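Hi,

Here is the structure I promised to pass on. Have a look at it first, then read my notes below.

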Amino acid sequence: MKSRTKVVVIGGGIAGCSTLYHLTQEGWSDVVLIERDELTSGTTWHSAAQVTNFGANQTMVGLKSHSIALYKKLRDDPEYPVGYHHGDGGIRLANTEAQMQGYRHFASMARGMGVTYEVIDAKECARRHPLISTDNLLGGLWDGEDGDIDPAQLCQALAFHARKAGAEVYRQTNVTGLTQKADDTWSVETDKGTIDADIVVNACGYRVNEVGAMMGVHHPVASMEHQYFVTEDIPAIAEAGHRMPLLRCPISDYYSRQEKNGLLVGFYEQDCRTWGMDGISPGFSNDLCPDDLDRVMDVLEGAFERMPVLAEAGIKRIVNGPITYTIDGAPLVGPIPGKRNAFCIIGLRAGLGEGGGHGWLLAQQIVHGEAQYDTWVIDPRRFTGHTNVELTALKAIEDYQNEFRFHFPHEHRPAGRPAKTTPLTPVFAAEGAEFTVVNGWERVDYIKPTTVFHPTLDFNFDETFDVIGAEIKNVQENVGLCEVNGFNRFEITGADRHAFLDRMFCGTVTKRDGRVGLGYLLNHHGMIKGEATIANLPASDRGPERVWYGSAAASEFHDMDWLQAHLADDEDVTIRSLTNDQTILVLAGPKARDVLSACSRGDWSKTAFPWLSARECFIGFAPATVLGVSFSGELAYEIHVPNASLYAAYLALRKAGEAYGLKIFGARAVDSMRMEKGFLHWKADLLTEFDPFETGLDRFVRLEKGDFIGKAALLQRKADGLRKKLVTLKIDADHAPAHGGASLMRDGKVVGTVTSGDWGHRMGMNLAYAFVDPDLSVEASTMQIDLYGDLVNATVIAPSPYDPDYTLMRG
């Protein structure tokens, strides 16, 4: 065994083998895989091995398309062919119009990735899959690329080609310890010796947290027992003349695919069971859990009704094995939070079908620092410190029980709530708040008009439309109060703080005490990495001269890792997180200054406290820091309050607001108003796939300043010209908003993709943001949006249609 290598991948299932293979494809040959037993001896060996092209967002569709292309290539490789049934086709069934509408949206989204889904009716479902009944069936989504693959052959083929490229694979080798050195490289201790590596990758399947513990981290991954059986031969299959399509049924919680001349049938029962919560036996390898078909009888009955032939088929074998789930069901592929040179590719509940793509994107991140798609939907840093074992297990159970039921817009499932709250959460609940969830935080979505108010779950504008409109109307005419909890906040101190931030941001970073600025961070490829508000606070009894760095609630781990990674050893800079210590109360509307003046001493006039100012003060007797910024487009103040004083500040503001018509507004109102102002959401509109010029942020770039991260690449990108351009669209529909991923069409071709959409209540417009072909980015350009299967006209309009001169915000 070698003693030094560039990368050690730990785990020999599909995740590890795919990562190893793709590292060699990216040009790194000095890489090693370590497996405690034999390749595919974990979850991979008993996988049902379905390979679908279906994904609920474009990143997932893209990585699955890569998997399919790779598997076809391996299938046809004469040197080491893989058994792969490609193109059997697959149907996801539906028995409600809302599900069918969702399928139409996913078809629109996939079109932008060059993938074709068909939305078909019940009769066509039965024609393509002659073993199913059409009772209680509306139709389904057809994926013509669907199929299944041999798990062991796939992993062995990936390892074979990786070895040919110079990689090494050590089987029957147990990792016993991981130690990070002062230079951030790693010592990987095994029972066969120690290997020093620049980078380590945790690809350990259901043993993920055994290796995580060696690093001093916990990953939000839990295992669930999952059962399927394989039937004896079924005559109708042998007589069909073609392979049966795969079937996924959210009505009865089961799936099936052809296995020789029988069927493999798997179940997602409601009475499901976690596995390995209290540890896993060291000897559990190539092993299964005890059969328990009694647990799936209710699901089996539904499967019999949908596929009557099953009632007469004998069972050849039963498989019950662990599969891994994360806290939101999507894998964790990317950098491990808080660690340098450490990555993971874990929680792959559909590992065989997706693993080729996940390893591909991870290898790109390791070698190049970024992948070709924005990978936030699978980034391990999208969760922060609340993701303990118990919460992860609750969410894993919930996700397992809803395996084939996609999330509707504004749907927030109940398991594991509330995970993060403030002193105001029960106060708002008592006032009738409906809550959304942001990185575990319970945040007011809107105030319900009645206690029995339950909006319809679908993709249209729902019963909240007028409720949200009324909240916005009060903000526009009077004043509203909104809690923004979980907002990421770092305190940056030290003599070199401004020079450090100037190097991190692509534009001007304000250095004046008491002033606030907005800026953008780029990666080394010149693409958008982050967005942050910078507030300079003078020395006071609350602290030394310092900078407050504020960014999106979900970005806490992401941004801390990025900033810490770029601190020079000789820089006098300290970064401390205040994210969980303070909460923002937003006061917005033309009477906001009146309310603030009524409960806080000092001169709050436009002259004394202009837009983009920062001041420490008291709200009543609660200490606070006020920033003159707005995400709504109205005169507004962000009031940052320590959580211990939050209720006191809230009471003072409510009391002062009684004379001015103050009412609570929620996140849905904020999102509508920010669309009218041209304000962008991180990881919805601000993506690593686009640079600031393509994102319409030219005014925040200063190429003439000194060096900053990504400058050289950005200069080259500017010289090369735009590939896409972010625009604001007016959509000619009043029944439904555009949702992220929807395709924009012109002359039968895809010309763009929607990133955000909502109704602008103050302008009376259906608005969307989208990246489109540059020649269509000029005002008055027209195209059509694929809105759930209907082509609807969309017109490019000027950004910030509401108060474009920013007069209201400036007060």
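**What I found inside**

The largest cavity has a volume of about 60 Å³. Keep in mind that this is a predicted model. How many cavities of 30 Å³ or more does the structure hold? There are three.

Let's stay with the largest cavity for a moment. Its lining is made up of F487, R489, T533, A535, W548, Y549, G550, L627, E638 and H640. If you'd like to trace these on the fold, the elements that give two or more residues to this lining are β26 (528-537), β27 (546-551) and β32 (636-642). Which of them gives the largest share? That would be β27, with three residues. Sorted by chemistry, the lining of the largest cavity has five nonpolar residues, three polar ones and two charged ones.

Next comes the second largest cavity, at about 50 Å³. Try selecting R593, F609, P610, W611, G628, L635, A636, Y637, M809, R810 and G811, which line this one. Here the split is seven nonpolar, two polar and two charged residues.

Now for a single residue that I'd like you to click on: N202. You'll find N202 in strand β12, which runs over residues 193-202. Is N202 buried or exposed? N202 counts as buried, because its relative accessibility is 0%, and the cut-off for buried is under 20%. As for its surroundings, leaving aside residues up to four places away in sequence, N202 touches I10, V208, V211, G212 and H219, and also F343, C344, I345 and I346.

Finally, two stretches that carry a label in the UniProt record, both from an unreviewed entry:

- Residues 368-421 are annotated there as "domain: FAD dependent oxidoreductase central". In the model, this span is 26% helix and 0% strand, and its end C-alpha atoms lie 38 Å apart.
- Residues 724-803 are listed by UniProt as "domain: Aminomethyltransferase C-terminal". This span is 0% helix and 56% strand in the model, with 26 Å between its end C-alpha atoms.

If you want somewhere to begin, colour β27 and look for the three residues that it gives to the lining of the largest cavity. After that, go to N202 and pick out the residues that it touches, among them H219 and F343.

Have fun with it, and write back if anything is unclear.

Cheers

Notes. Residues numbered from 1 in each chain as written. Predicted model: local features only at pLDDT ≥ 70, side-chain atom pairs only at ≥ 80, totals over all residues. Heavy atoms only, no water. UniProt positions renumbered as here; feature names shortened; annotations may be inferred. Helix = DSSP H or I, 4+ residues; strand = E, 2+ residues; numbered from the N terminus. Buried < 20%, exposed > 50% of the residue type's maximum accessible area, 1.4 Å probe, protein only. Contact = heavy atoms within 4.5 Å. 1 Å grid on protein atoms, 1.4 Å probe; cavity = no way out; pocket = protein on both sides within 12 Å on 5 of 7 lines; lining within 4 Å. Points joined across faces, edges and corners; volume = space filled by probe spheres on them. Nonpolar A, V, L, I, M, F, W, Y, C, P; charged D, E, K, R; others polar.
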